[in-house]
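Biologist: I've just opened this model and I'd like to go through it with you piece by piece. Can we start with how a helix sits on the strands?

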Protein chains: 2
Amino acid sequence: MPFTIDPQLAADTVPLGDFTLSHVRLMNERHYPWLVLVPMRTGIRELIELTPFEQAALTTEIDRASRALTALFRPDKLNIGAIGNIVSQLHVHIVARFRTDPAWPKPVWGAAPREAYDADALAERTATLRVALRLGP
Amino acid sequence: MPFTIDPQLAADTVPLGDFTLSHVRLMNERHYPWLVLVPMRTGIRELIELTPFEQAALTTEIDRASRALTALFRPDKLNIGAIGNIVSQLHVHIVARFRTDPAWPKPVWGAAPREAYDADALAERTATLRVALRLGP
């Protein structure tokens, strides 16, 4: 079966490109620099369903995404989570958090209502992130 | 500096034992089987502050803890998170979630008020988990 993104996850995010294991997306939520990694494997819901090799690859890609967010945004804290209670397809959130952001110190999941980027801000943010993540132009 | 547990984290949890990298604790919250892994390194706040080798070890230990929760409780979903907005010492939550639990489908962090185990239930749960996690008697 070809790899496809869960429709709700696709609707909430925009594509940035692919790492080796994970498809990389930006949550369309202007309050938080927020990446989502989706391992390109079909039918996987949990980290423990990945092979040890895939788990190691995902760890490396979480590190890479985390370093890019840190370099670009200098957050007060990174929040990393694999939850999936609503969208069960395995996906990992990596969110740059600030003491001044609207949900702080609560997690962003299920927090305040989301607000999309406007078109210019979204274009700029995706371009900047693609460079920082070395996902090409 | 010797490794110590953040006082608030210590107050919310009970010790189960040690893996190679991580000290393992149980959240004293009777609604959710909820483990917390605390890498035994001083002054670490973020995953990216661990070495690649330590990150790999932590990934293995998250897998081990996740498999133990799955074998014991057959959850509908595992929730895994490294948040740390309140307790900044690096710690990873691994929570067995059920469609019938009080916070579902929301995350457990910052959800409904917590309720501690009673003494007998806590003793039984810690004993069961120590066996399943192979942390010894």
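Biologist: What angle does H3(B) make with S1(B)?

Modeller: Remember that this is a predicted model, where local features need pLDDT of at least 70, side-chain atom pairs count only at pLDDT 80 or more, and totals for chains, interfaces and linings use all residues. Residues are numbered from 1 along each chain as its sequence is written, while chains are lettered from A and ligands numbered from 1 in the order in which they are written. Helices (H or I, at least four residues) and strands (E, at least two) are DSSP runs, numbered from the N terminus, and axes are lines fitted to C-alpha atoms, for helices over the stretch in contact, with angles from 0 to 180 degrees between N-to-C directions. H3(B) lies across S1 and strand S2 (22-27) of chain B, and its angle to S1(B) is about 25°.

Biologist: Which strands sit at the edges of the sheet?

Modeller: The sheet is open, has 10 strands and pairs antiparallel, in the order S1(A)-S2(A)-S3(A)-S5(A)-S4(A)-S4(B)-S5(B)-S3(B)-S2(B)-S1(B). Two strands pair if DSSP finds at least two bridges between them, and neighbours here are turned by 20° against each other on average, direction ignored. An edge strand pairs on one side only, and that picks out S1 (13-18) of chain A and S1 (13-18) of chain B.

Biologist: How many bridges join S4(A) to S4(B)?

Modeller: Look where the two chains meet in that sheet: Ile80(A) stands opposite Ala82(B), and Ala82(A) has Ile80(B) as its bridge partner. The two strands run antiparallel, and the number of bridges joining them is 3.

Biologist: Which element of chain A gives the most residues to the side that touches chain B?

Modeller: Chains A and B put in 28 residues each, counting two residues as in contact if their C-beta atoms, placed from the backbone, lie within 7 Å. On chain A's side, there are 13 nonpolar, 9 polar and 6 charged residues (Ala, Val, Leu, Ile, Met, Phe, Trp, Tyr, Cys and Pro count as nonpolar, Asp, Glu, Lys and Arg as charged, and the others, Gly among them, as polar). Helix H2 (52-73) and strand S4 (77-82) each supply at least two residues. With 8 residues, the biggest giver is H2(A).

Biologist: What kind of axis relates the two chains?

Modeller: Superposing the copies by least squares on C-alpha atoms of residues with pLDDT of at least 70 in both, you need a rotation of 180° with 0.0 Å of shift along the axis, and the RMSD is 0.0 Å. In chain A, the C-alpha nearest that axis belongs to Gly81(A), 2.1 Å away. 100% of chain A's interface residues are also interface residues in chain B, so the copies meet through the same surface. The relation is therefore that of a two-fold axis.

Biologist: Are H2(B) and H3(B) perpendicular or oblique to each other?

Modeller: Their axes come within 9 Å and cross at roughly 120°, and the crossing is right-handed (the near helix is turned clockwise from the far one by less than a right angle; anticlockwise would be left-handed). Under 35 degrees counts as roughly parallel, over 145 as roughly antiparallel, 65 to 115 as roughly perpendicular and the rest as oblique. So H2(B) and H3(B) are oblique.

Biologist: Which residues of H3(A) does H2(A) meet?

Modeller: In chain A, these helices pack at about 120° with axes 9 Å apart. By class, their contact has 5 nonpolar, 1 polar and no charged residues. From H2(A) come Ala68(A), Ala71(A) and Leu72(A), and in H3(A) they meet Thr128(A), Leu129(A) and Ala132(A).

Biologist: What is the phi of Arg74(A)?

Modeller: Most residues other than glycine have a negative phi, and most peptide bonds are trans. Arg74(A), in the loop between H2 and S4 of chain A, has a positive value, near 50°.

Biologist: Which residue does a cis peptide bond join to Trp104(A)?

Modeller: Omega of that bond is about 0°. The partner lies in the loop between strand S5 (92-97) and helix H3 (119-132) of chain A. The residue is Pro105(A).
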